[in-house]
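Reader: I'd like a close look at one part of this model, taken slowly. Could you walk me through a single helix and what surrounds it?

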Amino acid sequence: MMRDVVVLGVGMTKFGKFLNRSLKEMGQEAIWNAVADAGIDAREIQVAYFSNSLAGLITGQEAVRGQTVLRHSGLGGIPIINVENACAGGATAFRGAWLEVASGNYDVALAIGVEKLFCDDTAQSLRALSTNSEIELARMGFQFTAYYALQLRKYMEQFGVTREQLALAAVKNSYNGSLNPYAQHQRPLTSEEVLKSRPISDPLTLYMCSSMSDGAAAAILCTREKAKKYTSKTLVQVASCILRAGMFRGPNDTTTPNTVTLAAKEAYEKAGIGPKEISLAEVHDAMAPVEILRYEELMFCERGEGIKMLEQGRTKITGDLPVDPSGGLSARGHPVGATGIAQVTEIVWQLRETAGARQVANPKTGLTQNSGGRVEEDTAATSVIILKK
């Protein structure tokens, strides 16, 4: 029987462009922020899962990335598992740590994600990011912005959605990011600014797209019984933690659920709740308007009604189902291997009601959805995590 697992502590760095900060430095900050938040002695951490996607191609560090970062942070002599799973790497590391505790193998586990995308050579970073798809696609010049643009154009044609409507997602998330001291971009944008920013891949403009980013995030997990010995803070339990690989879907298949929906269904079932019982969500909006598709894939609304949720203000911080109160990937930033744990960190803060100016009202449950890579007509990896008080 699986044990109840809680997130005892979380921590992260500010996301942004930090040419003079190394993976080791950023990892150390996130880890020790999480240790301080958990109120434990770091020597009680028994196992660690370390997420990084692109350091080999950008910094040259391969094979022992987790060991090098954790040793710099003063942690050694424990099992350290290196995780690569594209943009879903952080969530995958979190799942590994959760399973260690839930299974009874260990009582205290660390999940840490660190990524450094800025290296004074944008072309090198873009080439590295493109390898998160099948290598044949990468060699043909595949870029995720183009893929998301095609998805959105199909959606626009099918449901009569305009560019002006798509821009509302970027406006909402830029406002949320302006309230988040950890966000890379902290300036609220108007619809006019979003639409007039540089075209990237029609219908996407610059301010609709997530930026390259450097940063780290960490979470410490333990049993509920042990957590009571460490803290009097609100305990946030892992209600379900699902990971799925992409499946084959034909390019014109509109009936087979995609991996996000399948992962969400499994997460709801294992948590014993439905989508209407989710208080808030952090979703993988690599391009801000893609958030609209996530509403539908996560079954917050029917197909084609996602734009209505956005226009009606339902997904604002003040709405009945706030989505991306952190600012999402487009405002908070997207350091690939750290993103999934940063999403968890935001949900934990929200459920504890310590999120400051971006705090949502009376949250009980939170969901994170984190996708990574591309294989044929589906994401390569998708995670859905549900947390509850």
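Which residues of α11 are buried?

Author: Bear in mind that this is a predicted model. In α11, the buried residues are Thr259, Val260, Thr261, Ala263, Ala264, Ala267, Tyr268 and Ala271. The helix itself runs over residues 259–271, 13 residues in all, and from first C-alpha to last it reaches 18 Å, close to the 18 Å you'd expect at 1.5 Å a residue.

Now the two ends. At the N-terminal end, asparagine 258 acts as the cap: one of its side-chain oxygens sits 3.2 Å from the backbone nitrogen of valine 260. Just past the other end comes glycine 272, with a positive phi of about 75°.

As for what lies over those buried residues, the cover includes β8 (236–245), α12 (290–297), β10 (365–375) and β11 (378–388).

Zooming out a bit, the largest nonpolar core has 48 residues, and Leu298 and Ile386 have the most contacts inside it. α11 is among the elements giving two or more residues to this core, along with α7 (144–159), α8 (163–178), β8, α12, α13 (306–311) and β11. The top contributor is α7, with 7 residues.

Isoleucine 386 ties this back to our helix: setting aside neighbours within four places in sequence, its contacts include Ala267, Tyr268 and Ala271, each of them also on the list of buried α11 residues. Isoleucine 386 also touches Val238, Ile273, Ile278 and Leu367, among others. In general, nonpolar side chains in soluble globular proteins tend to be buried together.

Terms used. Residues are numbered from 1 along each chain as its sequence is written. This is a predicted model: local features need pLDDT of at least 70, side-chain atom pairs count only at pLDDT 80 or more; totals for chains, interfaces and linings use all residues. Side-chain values use heavy atoms; hydrogens and water are left out. Helices (H or I, at least four residues) and strands (E, at least two) are DSSP runs, numbered from the N terminus. The expected span of a helix is 1.5 Å times one less than its number of residues. Buried means under 20% relative accessible area, exposed over 50%, partly exposed in between (1.4 Å probe, protein chains only). Contact means heavy atoms within 4.5 Å. A polar contact is a pair of N or O atoms within 3.5 Å; within protein, one must be able to donate a hydrogen and the other to accept it, and residues adjacent in sequence count only if both atoms are side-chain atoms. A nonpolar core is a set of buried Ala, Val, Leu, Ile, Met, Phe, Trp, Tyr and Cys residues joined through side-chain atoms within 4.5 Å.
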